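This report looks at a ligand site, an annotated position and the confidence of the model, in that order.

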Amino acid sequence: MVNMAKKAETTKKKKNDKRKATAAAAATSQTAQQPKKAKNDNKAAMAKGPNSLRNAHNVGMGETVSERKANELWFRKANYGTVLFESYYKNQSPSIIVAPPPPSSELQKLSKNAKKSLKKNRQRQFQSFMDCLAQPLPVAFRIRHTVPQNVKASLRATLKSLGLSPVPYDPTHLIYQTPPSLNKATIRKGGPSYSHPLASFLRTNLTSGHLSRQEIVSMIPVLCLGPSLTSTCLDLCASPGSKTLQLLETSTPSGLIVANDVHPGRVSSLEAAISRALLPSSNLERLIISNHDGSKFPDSPTLGPCYDKVLVDVPCSGDGTIRKDSSILPRWNPNTSNALHSLQCDIGFRGLEVLKVGGVMAYSTCTFNPVEDEAVVAEIVRRAEGRAGEGAVEVEGWENPLPGLVKREGVVDWRVADFVEAGEEEEEEDESKGEEVRIRWHDEGYLKAKEVGMEGAVESLWPREDIKRYNLDRCCRFLPHDNDTGGFFVALLKKHKPFGPRKTQVVAEKKKKKKKNKGGGESEAPELQPLRPIDHKTYSSLCSKHPDLPPASRLYQRGDDRDTIYLVPVQTNEIFVGDNSSGSEEKESPLNILFAGRVFMKKLESGEYELVVKNN
Ligand SMILES: C[S@@+](CC[C@H](N)C(=O)[O-])C[C@H]1O[C@@H](n2cnc3c(N)ncnc32)[C@H](O)[C@@H]1O
């Protein structure tokens, strides 16, 4: 009895260790680098097997080093991620990475030799995918739309003299890509190409705001949403802001852009990136930056679903960016994708809820993984149908905004997996079997997966029987070896019907108070107090000295900083407060606005406010 209890406890502990390793791998920042020393230790320990690595780091023994870090290190050192990645995508459904096989009726007609060569060809395709991932990503950049025509012409001429032409598939001739030898690693300070004329050209013009550095495939969602943004647009997961900037550049004077992110720190870096871009004030006057969990983004109290366009560029496992960040591969884990799926569904569905009828939403990720891509699209359409009936939302086909950039159809068939240490599921006593980590496929579906203890199993991870109904083939996949880019996924969804009422209305979360946690660090509370409409008293006193002031509805101040007055977008009060005419100190916006518009007035030492001159 005692032995059995001990065995059960060991098994439980092992499972806990594994769970922690997974969570750690998922939680670590994508930019985390593998420590140099780890690479050397790796070779010796790998020879003995991954468990010796784990023991060497005291993982699971409650030792001094933080267990989380040790678990993650163990996982990466064993290079499990790379092994899992290759095994996962090689054995995924046929058309995720390689071109779809011919239909079985045609396959049967092929000779033995033809079948063999087909198989070889598919292996070659997979290998070219893997080989491409091992190549660093060239630097992609574009000349900003907001740059005056004469400056555009001069930038193009200089680039031409440096031997660079716009990418052939860009009709605007504004997008460029460096040759492979000039990449993030070689052009950085201390890198071999730091002094290359193209590298210094890039530095100068990125600093001046003439150029924007952005991956080509990551430009696609905004390009698909349409160039004439005369409309109200919500970017639900906006930081670090490359797509928000793209939206701002192409918006027209009557447009509004609300850029939101859940992390207060990342909201501040979003604002900093936008300031660095040196956009004209007229573009900045169309922007609101808010801080909410995208899955609980507040309703407009006056208008309800009011956005013409919504961009949902969700947090994802990011394996499409391996060429840019090689640390992703050694810690790759299918459980990360499975765990993100539900959050992605919740954010995506909220995007559909706040979208106007007739509006369009772009859902995008930088992962190849269908459980974060097509599975999410299918689930949010299904949820929409639950609220508004069949045809409530439709996946739309779209013209390629970059004609010639190879895109592949979305898939309707995929497999779901998690990872296990071989031997663990059978609860083997033979420890040597626990040395191996491998993919465990759950082809029998959700119930069976739950039964065998798949972590994070939810039904929507699997393709449902009626999957063909969702037009998932209209989604687009971009693979690195097709265009020498990163990997990307985009789906466009159009809302056709109003959704019935939710059980509970979504209201802004209570603002958390800033407090010290036990460890002495700051809690997750936002650093900044939100902006609020200017109060009547301040506005009246300003009017007496500045007769041409904009209406009070356009002037906002931060709760704890009365020294600055912001000129916010025209629509702000109409959408978020419900009063478009006068100062409304009693009414509070449900939106946690951390930045908006541009700085309009500053308080002088004398206590008077002075107008801040526009930059253009
Ligand atoms: C893929 S990045 C977005 C990249 C951005 N759209 C761009 O083009 O620069 C995902 C972002 O989602 C944010 N995020 C994570 N969970 C979120 C949530 N629940 N609601 C809103 N944003 C979230 C992360 O902070 C991260 O900045």
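How many nonpolar, polar and charged residues make up the shell around the ligand? In this predicted model, the shell is made of 7 nonpolar, 7 polar and 5 charged residues. The residues around the ligand number 19, and those that come nearest are Cys 237, Ser 239, Val 262, Gly 294 and Asp 313.

A separate position is marked in the sequence record: the unreviewed UniProt entry carries the annotation "active site" at Cys 366. Along the chain, Cys 366 sits in the loop that joins strand S8 (355–365) to helix H16 (374–388). Cys 366 counts as buried because 24 other C-beta atoms lie within 10 Å, where the cut-off for a buried residue is 20 or more. Leaving aside residues up to four places away in sequence, Cys 366 touches Cys 316, Gly 318, Gly 320, Thr 321, Gly 486, Gly 487 and Phe 488.

As for confidence, the protein has an average pLDDT of 83, and 79% of the residues score at least 70. For the complex, the predictor gives an ipTM of 1.00 together with a pTM of 0.86. Two segments in which pLDDT stays under 50 are set out below, with their contacts beyond four places in sequence.

| Segment | pLDDT | Contacts beyond four places in sequence |
|---|---|---|
| residues 1–8 | under 50 | 0 contacts |
| residues 513–526 | under 50 | 12 contacts |

Residues 1–8 thus have 0 such contacts in the model, whereas residues 513–526 have 12.

Methods. Residues numbered from 1 in each chain as written. Predicted model: local features only at pLDDT ≥ 70, side-chain atom pairs only at ≥ 80, totals over all residues. Near = placed C-beta within 6 Å. Nonpolar A, V, L, I, M, F, W, Y, C, P; charged D, E, K, R; others polar. UniProt positions renumbered as here; feature names shortened; annotations may be inferred. Helix = DSSP H or I, 4+ residues; strand = E, 2+ residues; numbered from the N terminus. Buried ≥ 20, exposed ≤ 12 C-beta atoms within 10 Å, placed from the backbone. Contact = placed C-beta atoms within 7 Å. pLDDT = per-residue confidence, 0-100.
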